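These are my notebook entries on one protein model. I went through the chains part by part and wrote down what I looked up.

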Amino acid sequence: MPLRNPNDYRDKTADWLAFFANRRRQALAPLVTPALVREHEEDPRGGDTPHGFALQDVLNYVHNMPTDGKSFAYAEVPYRRYRLGIMHARGHTPTFPDDRVFTSEREAVHAVFLERLCTLHLTTDAEDQG
Amino acid sequence: MRLAQIRGYCDRPNVRPGEALDFFVSTPRPGPCRTRLVRLIHGDRNPDGPGYKEEDVAGVGSGELLATTQFTQLGGHVVVADPAGALDGRDGLTLHLHLWSTLPAKRQGVVARWSDATDEGWALAIEDGHLVFMVGDGAQVSRVVSPKPLFPDVWYSVVARIDRAACQISLSQVVTLNSVNSRFGRIVDLDADAAADATLTAAPARPDVPLLVAGLAQEATSGRVVALYNGKVDGPRLWTQPLDAADCASLHAGGAVPGAHAHWDFAAGTTRDGIGTDAVRDVSGHGFDGRCVNQPDRGMTGWNWDGREEHFVHCPEQYGALWCHEDSLDDSRWQKALTLAIPADLPSGCYALKLEQGAEVDRVPFFVAPPRGTATARIAVVIPTFSYLAYANSQVLQNAATGQCVMGVLTTLDDLDLELNVTPQHGLSTYDYHSDGRGVAYTSWRRPILNLRPDYRHEFGAVWQFPADLHLIDWLTVKGFTFDVITDHDLHAEGAALLRRYAVVISPSHAEYTSSQMLDAYEQYLASGGRGMYLGANGFYWVTSQHPEKPWLVEVRKGESGDQAWRARPGELHHSTTGERGGIWRHRARPPQKIWSTGYTAHGLDVSAGYYQLPDARDARLAWIFDGIGADEVIGDFGLVNGGASGLEMDRIDYALGTPPNTMLLASSHGHTASAMLVPEDQYFAYPGITGRDNPLVRADIGYVTTRHGGAVFAASSMAWCGSLSWNGYANNVSRMTENVLRRFAQDGPLDEVV
């Protein structure tokens, strides 16, 4: 039967992506221990001490998610005042899920990491890891 | 959070004393705005550094202007004037074209002589995925809608007709897919041809609007264009009567039907130098020539491209398409706010017109070179304005899912980044995608460029381009060097003659985008006794061309390999503005190693490292470079840019790629992370082990080579190098080494050969 309407067809690779993401979560979730979270908190970039392989694996995963709904550190006053922000699609204003203020970029980036762990279901509760 | 404020731009980046610059200003809150001229010294507000520095230039540019809210027209389209209404269709009309729609779900005008606010005229458009042809007289609209929706990225032949005698309008679409020209190929059992007609209830009115390709005129007075089209259009033709069924079938089959009253061939005018013009030719001979606005993509494969010829200059008949995007911008076209006369005695340097409206501040940078034909110092810094353009208004981390993977850091964004995300009127960079997924190939100076502000910390997570280059400007100033500032735009225009006025030329942090004229100039200069200091990395990397009619616009085509945000489609790797092949200079037989001794090898955007001295550092002939530096010192394990002098992007010596055989390898960096990556062009089969932890090519090399006629090149090979110059009150080994080399290079007399 010929194809007449492009809207009748969807991108089936979404099925694979969902399967893969689930398998990846299963593999990574056990790595997210309090020690790993502390490792990130102490040095988000790994500039002082290179990140261990577990943290690197987790970061590779949490870095790669769609930008619509993706958390970021908002430099409200660069070098002095930061908040947790959520980016949305081009043309849309970002949102701020809470009123927390961080006085260093390091703290803010760690908060982003915790939010990302929660959003991507690598932890059940980000606060428990914090 | 401030997402909109007073903003400005100037008409070009470079100016000489005695010349003038035009400035354009817009504000969301119309009212007075104070202006003054400032000289920029250091922009990075990192508290670990020397802090922000600018100096007022008394008596120049100081005043007040009345700022208004200015409109920016986005979207690539073509305007064809028709004041006499010859194309109004009142006696009948047949329109034929080929189209390849990328976002058919949006409402878009394809070809129209139509006033959208008053429903007057005629228009071929797309609505809810379907082609629609409409005719209106302001009171009523006749519409015919194609019964079958468009498949995106598939070529169609389209015919629309007005038959006054039959009181009918009609629309037909025929798929013209081949093996290469569409998203999928011939094995798909596609049934997407369609035809429909409807009753014509009234003749089309004749609004006072032009004929447009790729949009709809909003109405008669404003000149604004709405419903901008995303996709390709090829060869629109128009007859001022309804053709019969046989002729329409011939058009769909690719045949020619004589008597067209207008025929726009978007490839007409192609020469071996490309099609670097906004002119659109009406090849029917009736004089309905048009003009492109906002630089639609030219040199694009057309409906009949068969994939055998990949260079549009050799086969223009298969490259008849324009690719239009709703978010293209080649010029904001604001009304001029003021003209700034540059005083004849203004020293060469980096300047900005500072705009202040209440608490809002914007600084519009520009660069003053010395008076034409002269040099006022022995040292020149070449400000990489082509590279600034390439990155202008980049918004990668806001839009690209893998952006953080590349950077290796969780993103920090500030108000400038958020303003870019909600303000399409500022346009995009060559690191971004148009809304239809095509990489951005053209970039303009004539718009507010927010990441060109001196104190901006880039979305990439570190200072980048202009703010990073100010690290060098500050260091030169503090160290008491007298230097001239020249730009890529000056160099592109004047060539080696410009450089030969100087004993030493410095390329700062990231001169990534280079024209062939600029490469020639550097090569000729360095081969004739010139001294070059390459204090950056990933320089001289991308083939970049300047538009011959619009020098404020440059073009890139990201190629088949390279460290890149997008890739040109098959058959579209050649620049429309010059006809040359795009991509990286390495793939044009001009790797940077041939001129500057080092070339791009890796990026490490999260953490920077120091350099470890290697055996050549102990060569007695080079002791002067290491004067004041201990043999066991790590060079630059400190700095404002991610904590080290080697980082962001890095270059290596590579004798196989053209590093001169006598180049000395003084030191190389070590300690890069698992997020630091080898460049794609050095990867053949993919294999694990290409990171900073485990691949020896992930490093920066400090190189030194003496050249012909007493010249030399010193390469620091890192974008982070200049960020270490001010560390510890400018007392550090990066500063010391740079000073040792610069003072030696700036002296009279040949340098001792090292061979």
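The entries below record domains, sheets and contacts in a predicted model.

**Entry 1: the domains of chain B**

I began with the division of chain B into parts. Domain 1 covers 7-71 + 332-376, domain 2 covers 77-324, and domain 3 covers 383-745. I noted that domain 1 is given as two stretches of the chain.

**Entry 2: domain 2 against domain 3**

I then asked how many Å separate the centres of domain 2 and domain 3 of chain B. Taken over C-alpha atoms, the separation is 43 Å. The contact involves 29 residues of domain 2 of chain B and 20 residues of domain 3 of chain B.

I looked up the buried area next. Domain 2 and domain 3 of chain B bury about 1,900 Å² between them, and carbon and sulfur atoms give 46% of this area. On the side of domain 2 of chain B, the residues that lose the most area to domain 3 are Gly276(B), Gln295(B) and Trp323(B), which together make up 27% of what that side buries.

For charged pairs, I recorded four salt bridges across this interface of domain 2 and domain 3 of chain B. I also looked up the salt bridge of Lys232(B) with Glu572(B), where the closest N and O atoms are 2.7 Å apart. The interface of domain 2 and domain 3 of chain B further holds 17 residue pairs in polar contact, both residues being at pLDDT 80 or more.

I wished to know which strands supply the domain 2 side of this interface in chain B. Strand S19 (231-239), strand S23 (297-300) and strand S24 (321-324) of chain B each supply at least two residues. S23(B) gives the most to that side, with four residues.

**Entry 3: a sheet of three strands in chain B**

I turned to an open sheet in chain B whose three strands run in the order S1-S3-S25, with antiparallel pairing. Strand S1 (7-10) and strand S25 (336-341) of chain B each have a single partner strand, so one side of each has no neighbour in the sheet. On average, neighbouring strands of this sheet are turned by 25 degrees against each other, direction ignored.

I examined one pairing in detail. Strand S3 (residues 20-26) of chain B pairs with S25(B) over five bridges, in the antiparallel sense. Within S25(B), Ala341(B) stands opposite Ala20(B).

I added a general remark to this entry: side chains in a regular strand alternate between the two faces of the sheet.

**Entry 4: the pairings of strand S7 in chain B**

I looked up the partners of strand S7 (residues 77-80) of chain B. With strand S22 (residues 290-293) of chain B, strand S7 forms an antiparallel pairing over four bridges. Here Val293(B) in S22(B) is the bridge partner of His77(B). S7(B) also pairs in the antiparallel sense with strand S16 (residues 211-213) of chain B, over three bridges. In that pairing Val213(B) of S16(B) stands opposite Val78(B).

**Entry 5: salt bridges**

I noted a total of 56 salt bridges over all chains. One pair I looked up is Asp56(B) with Arg36(B), at 2.6 Å from N to O. The pair links distant parts of the chain, with Asp56(B) in strand S5 (residues 53-56) and Arg36(B) in strand S4 (residues 31-42) of chain B, 20 residues apart.

**Entry 6: chain B against chain A**

I then asked how many residues of chain B are in contact with chain A. The contact joins 52 residues of chain B and 44 residues of chain A. The two chains bury about 3,600 Å² between them, 55% of it on carbon and sulfur atoms. In chain B, Leu410(B), Asn421(B) and Arg693(B) lose the most area to chain A, together 18% of what that side buries.

I counted three salt bridges between the chains. I also looked up Arg90(A) and Asp327(B), which form a salt bridge with the closest N and O atoms 3.6 Å apart.

**Entry 7: a sheet shared by both chains**

I closed with an open sheet of three strands in the order S2(A)-S1(A)-S29(B), with mixed pairing. Strand S2 (81-86) of chain A and S29 of chain B are the edge strands, each pairing on one side only. Strand S1 (residues 71-77) of chain A and S29(B) pair in the parallel sense over two bridges. Leu413(B) in S29(B) is the bridge partner of Tyr74(A).

Terms used
Residues numbered from 1 in each chain as written. Chains lettered and ligands numbered in written order. Predicted model: local features only at pLDDT ≥ 70, side-chain atom pairs only at ≥ 80, totals over all residues. Heavy atoms only, no water. Pairing = 2+ DSSP bridges. Axes fitted to C-alpha atoms, helices over the stretch in contact; angles between N-to-C directions. Domains from an automatic or database assignment. Contact = heavy atoms within 4.5 Å. Buried area = accessible area lost by both parts, 1.4 Å probe. Salt bridge = Lys/Arg side-chain N within 4 Å of Asp/Glu carboxyl O. Polar contact = N/O pair within 3.5 Å; in protein donor to acceptor, adjacent residues only side chain to side chain.
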